[in-house]
Protein chains: 2
Amino acid sequence: MAKENQFVEQIADIETDFPQWYTDVVLKTKLVDYGPVKGTMVIRPYGYAIWENIQRELDGRFKKQGVQNAYFPLLIPMSFFTKEAEHVEGFAPEVAVVTHAGGEKLAEPLAIRPTSETIIGTMMAKWIQSYRDLPMKVNQWCNVMRWEKTTRPFLRTSEFLWQEGHTAHATAEEAEAETLTMLGVYKEFVENCLAIPVITGKKTEKERFAGAVATYTMEAMMHDGKSLQSGTSHYMGQNFAKAFDIQYLGNEGSLQHAYTTSWGVSTRLIGAVIMTHGDERGLVLPPVVAPTQCVIVPIAARKGGVIEACEALKAQLEEAGIRVTLDASDNSPGWKFNEWEMKGVPLRIELGPRDIEAGKMLLARRDTLEKSEAALENAAASVKEMLVEIQKNMLEKARAHRDNRIVYADDMAGILAAVEKGNFVKAGWCGCRACEDKVKEETAATSRVIVEGESKETCAVCGKPAKNVIIYARAY
Amino acid sequence: MAKENQFVEQIADIETDFPQWYTDVVLKTKLVDYGPVKGTMVIRPYGYAIWENIQRELDGRFKKQGVQNAYFPLLIPMSFFTKEAEHVEGFAPEVAVVTHAGGEKLAEPLAIRPTSETIIGTMMAKWIQSYRDLPMKVNQWCNVMRWEKTTRPFLRTSEFLWQEGHTAHATAEEAEAETLTMLGVYKEFVENCLAIPVITGKKTEKERFAGAVATYTMEAMMHDGKSLQSGTSHYMGQNFAKAFDIQYLGNEGSLQHAYTTSWGVSTRLIGAVIMTHGDERGLVLPPVVAPTQCVIVPIAARKGGVIEACEALKAQLEEAGIRVTLDASDNSPGWKFNEWEMKGVPLRIELGPRDIEAGKMLLARRDTLEKSEAALENAAASVKEMLVEIQKNMLEKARAHRDNRIVYADDMAGILAAVEKGNFVKAGWCGCRACEDKVKEETAATSRVIVEGESKETCAVCGKPAKNVIIYARAY
């Protein structure tokens with residue numbers, strides 16, 4: 001039995017050492033590895049397959065919104081960043097710079113994109129002539145680079161993969177509506193495909209994207225109660241249109257600056273999946289994005305007919321569009337159970353001689369660890385139904401976990417006590433930066449999002465009348 | 001009518017100024033635009049959609065071969081390149097170098113990947129322990145950078161998109177077989193999806209990938225008779241395994257170096273499509289990868305019921321999985337015909353009041369410019385059939401064009417005369433580098449590929465006994 005327990009022993013305890021649990025899980029399940037350059041990651045096939053599933057789901061949603069994919073250059077002249085004052089301040093410190101190429105020193109140093117507003121703005125200025133060219137909605141799936149001091153796979157690395165959508169509109173109203181539409185697209189995707197409940201809303205000025213008029217965020221609570229910013233949607237007003245000269249001839253004949261937006265999610269979402277659903281045995285992956293949705297483990301595999309029955313079952317499930325793996329390796333069933341549990345496969349099917357004789361199979365759910373039986377006849381329908389049920393349960397479970405950890409506080413001591421316990425804290429806020437700073441200083445919690453539709457009388461920090469309710473939390 | 005002809009007037013004549021025709025077509029059909037940094041391109045939505053179709057087709061084929069996608073870091077320590085002597089010689093001159101990041105000078109300069117053998121080799125060395133880990137087959141879809149002096153959109157730009165597959169095997173035989181299998185996958189894809197016939201075979205030592213034991217290529221003939229190297233597959237032997245220490249414990253217990261391969265195709269394939277099929281009116285896109293396979297142009301659109309009938313037809317075609325656009329803009333039908341012809345949409349459907357009354361539609365093929373009628377009933381079936389026919393015809397037409405331009409030569413004068421006329425020239429070759437160099441010097445043609453299964457008595461350059469037959473051609 002020692003061999004059987006080896007997998008759990010490899011992983012640090014999720015409750016007492018969550019950071020080490022995370023590192024153990026991402027490495028041992030082969031989601032990711034460290035790259036040779038500090039702060040970089042290699043996304044291994046098991047991790048990349050999750051990203052492919054995320055891409056497929058999101059890309060379809062973007063296209064339904066009339067967004068078209070394109071590709072813009074990696075390298076951006078450093079001078080572009082200086083055109084929008086806040087933008088350069090926000091990104092210049094993190095930029096990686098190419099100074100030499102083709103054996104020569106470059107006349108102007110080039111930045112590796114940390115985000116592409118500046119280059120896409122430059123191109124939009126060229127492409128947009130009249131109101132007929134609007135709205136223009138483009139998206140790119142690409143790599144970006146932000147040189148970070150402290151890094152962790154998926155959560156914060158110098159290079160990561162993401163999509164960045166950029167749109168230009170004739171009016172402020174239309175651009176603001178687009179910003180919120182895309183935030184809604186993200187929320188629906190994250191909740192329904194990743195089974196992660198998110199709180200959406202506006203960021204404070206302090207936490208806003210460099211150069212934006214308004215930044216909307218989705219914040220998700222991780223297993224340890226910390227928040228993970230899982231995606232953002234920015235309304236730029238005319239800031240970038242003015243900096244990059246994106247003008248259009250209105251139908252009344254006058255030149256106007258466009259209104260722009262941008263919105264993005266990244267491979268960070270994989271980190272969110274790991275830290276929302278994982279447990280003491282390792283990963284728990286939501287069926288919609290799991291590379292393998294269902295693993296078949298033969299029992300007494302050497303007995304006549306077992307492997308054949310497993311293969312027939314596999315073919316039947318694949319035919320129905322289920323992503324299935326048959327583990328016909330030499331390892332013992334117990335070893336396989338533990339390995340596939342660590343890898344977070346949503347559903348395990350055990351199939352042995354007695355099951356085959358009885359015309360049934362055993363289903364073991366990863367989310368609840370419950371086992372049940374189902375007929376081999378119509379196996380695909382049963383499996384599909386079970387996967388839907390698992391997906392639904394994972395969202396509910398995560399929502400319950402989060403909702404239990406949202407508390408209110410009326411003063412700094414209350415905020416501190418609550419975040420120490422791993423809570424999201426709702427508190428009144430006067431609207432001034434100093435109070436936000438003070439919370440960060442004294443509790444290491446930051447303002448995550450302005451809560452819609454709630455009010456408080458006083459600011460929990462200074463006691464002055466509150467303008468908004470804020471969620472404070474420690475964050476990744 | 002002047003307005004109607006404007007599109008053709010915008011494009012240089014394909015026969016007399018092919019380079020300008022190419023530039024006109026790629027810009028005016030909005031496939032691509034120039035980026036702000038010299039030598040870079042922006043792939044616009046119409047061009048990127050072709051790339052997405054190429055990706056989807058190829059990716060499915062790779063996965064059937066057991067290849068898994070992954071993602072490796074963009075930045076590679078410069079020292080990695082020096083580990084394989086030929087490799088550094090081949091790529092160092094083209095590398096873009098990051099020297100500063102995060103506001104500081106880096107201890108070691110980092111190269112932006114021109115190709116990823118070195119970093120993938122480094123990771124494989126870590127991941128491969130025993131023969132059980134082999135074969136290992138990974139692929140990544142990514143951007144790469146090679147600083148080029150002379151650039152042209154899709155054909156040669158400092159940054160481009162590609163896929164690079166990398167595999168490691170236990171034996172030389174298996175790795176060599178993999179190299180040829182992937183070359184075969186490429187050939188089948190390029191011929192069946194891009195309708196481009198290719199000649200596959202080995203490169204000479206001079207033209208081989210830096211660090212490879214053998215490079216296999218597919219060469220396609222463009223409209224002007226020049227060759228475009230459209231994809232390559234390399235057998236590395238143990239060169240990279242030794243340089244990066246990719247070793248495995250064999251089942252007999254001894255440590256062995258693995259045998260590796262790599263293979264890639266890029267956005268260059270879009271250039272191949274443009275230059276193989278284009279004509280005096282602009283693009284001609286093969287249905288399998290055309291962003292819009294079929295455009296519906298309403299005739300007398302303001303007459304009652306026309307737009308509704310067009311929309312119903314569009315819905316019916318979409319339902320059948322056809323990528324269809326309905327051009328309901330204010331432009332005249334003639335304008336629309338010319339615009340969509342320039343954009344290379346394989347099939348145009350014209351639908352007016354009389355057609356609707358008669359229960360039929362007019363089909364205009366882009367490849368032959370022929371028109372025919374078909375019943376509105378079962379429109380999807382007729383359109384699908386026609387798209388298959390167009391795809392097939394385009395390949396046949398391209399093959400006939402190429403086969404007519406493959407000639408033999410027995411001496412340098414013959415080679416020169418033939419390449420001047422835009423031919424592929426088959427000639428005997430003694431096997432020595434000096435003769436290849438001489439052909440290049442005197443004719444500007446390079447050796448494209450060693451012809452399988454043909455022999456000649458003497459080398460066309462030096463007259464010594466020939467070892468192989470070579471195809472010489474001018475090339476992109």
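This passage walks through the fold of the chains, the way the two copies meet, and a few local features of the backbone. The model is a predicted one, and everything below is computed from it.

Taken alone, chain A comes to 15 helices and 23 strands. With a radius of gyration of 25 Å, close to the 23 Å that the globule rule gives for 476 residues, chain A is as compact as a globular protein of that length. The C-alpha trace of chain A spans about 80 × 55 × 50 Å along its principal axes. As for packing, 52% of the 476 residues of chain A count as buried. Contacts in chain A also reach far along the sequence: among those between residues at least 6 apart, 68% join residues at least 24 apart.

How do the two copies relate? A turn of 180° with a shift of 0.0 Å along the axis lays chain A on chain B with an RMSD of 0.0 Å. That is the relation of a two-fold axis. In chain A, the C-alpha nearest that axis belongs to A:V98, which sits 2.1 Å from it. Both copies use the same surface, and 100% of the contact residues of chain A recur in chain B.

The interface itself brings 40 residues of chain A into contact with 40 residues of chain B. Strand β5 of chain A (residues 96-101) supplies the largest share of chain A's side, namely six residues. Sorted by class, that side of chain A holds 25 nonpolar, 10 polar and five charged residues. Strand β5 also does some pairing across the interface: β5(A) and β5(B), the latter again residues 96-101, run antiparallel and are linked over five bridges. One of the partnerships puts A:V97 opposite B:H100 in β5(B).

A:V98 turns up again in the interior. The largest nonpolar core has 300 residues, and those with the most contacts inside it are A:V98, A:V425 and B:V425. Leaving aside residues up to four places away in sequence, B:V425 touches B:V407, B:A409, B:I415, B:A418, B:V419, B:A445, B:I471, B:Y472 and B:A473.

Helix α6 of chain B (residues 117-127) gives another view of the packing. Eight of its 11 residues are buried, so this helix is largely enclosed by the rest of the structure. The buried ones are B:E117, B:T118, B:I119, B:I120, B:G121, B:T122, B:M123 and B:M124.

Just after α6 comes an unusual peptide bond. Most residues other than glycine have a negative phi, and most peptide bonds are trans. The bond between A:L134 and A:P135, however, is cis, with omega about -10°. A:P135 is placed in the loop between α6 (117-127) and β7 (136-145) of chain A. Chain B shows a cis bond from B:L134 to B:P135 too, with omega near -10°, and B:P135 lies in the loop between α6 and β7 of chain B.

Strand β7 of chain A has two neighbours worth describing. Strand β3 (residues 68-69) of chain A pairs with β7(A) in the parallel sense over two bridges, with A:N69 partnered by A:N139 in β7(A). Strands β7(A) and β8(A) run antiparallel and are joined by 10 bridges; here A:W141 stands opposite A:Q163 in β8(A).

The loop between β7 and β8 (159-169) of chain A contains A:F154. A:F154 is not a glycine, yet it has a positive phi of about 75°. A:F154 counts as buried because it has 26 C-beta neighbours inside 10 Å, against a threshold of 20 or more. A positive phi also occurs at B:A444, another residue other than glycine, with a value near 65°. B:A444 is found in the loop between α15 (433-443) and β22 (446-451) of chain B. With 13 C-beta neighbours inside 10 Å, B:A444 counts as partly exposed.

Finally, the loop between α14 (412-420) and β21 (424-429) of chain B holds B:K421. Is B:K421 buried or exposed? B:K421 is exposed, with 11 other C-beta atoms within 10 Å. B:K421 and B:P19 are 402 residues apart along the chain, and their C-alpha atoms are separated by 16 Å.

Key:
Residues are numbered from 1 along each chain as its sequence is written. Chains are lettered from A and ligands numbered from 1 in the order in which they are written. This is a predicted model: local features need pLDDT of at least 70, side-chain atom pairs count only at pLDDT 80 or more; totals for chains, interfaces and linings use all residues. Copies are superposed by least squares on the C-alpha atoms of residues with pLDDT of at least 70 in both. Two residues are in contact if their C-beta atoms, placed from the backbone, lie within 7 Å. Helices (H or I, at least four residues) and strands (E, at least two) are DSSP runs, numbered from the N terminus. The radius of gyration is taken over C-alpha atoms; the globule rule is 2.2 Å times the number of residues to the power 0.38. A residue is buried if 20 or more other C-beta atoms lie within 10 Å of its own, exposed if 12 or fewer, and partly exposed in between; C-beta atoms are placed from the backbone. A nonpolar core is a set of buried Ala, Val, Leu, Ile, Met, Phe, Trp, Tyr and Cys residues joined through C-beta atoms within 7 Å. Ala, Val, Leu, Ile, Met, Phe, Trp, Tyr, Cys and Pro count as nonpolar, Asp, Glu, Lys and Arg as charged, and the others, Gly among them, as polar. Two strands pair if DSSP finds at least two bridges between them.
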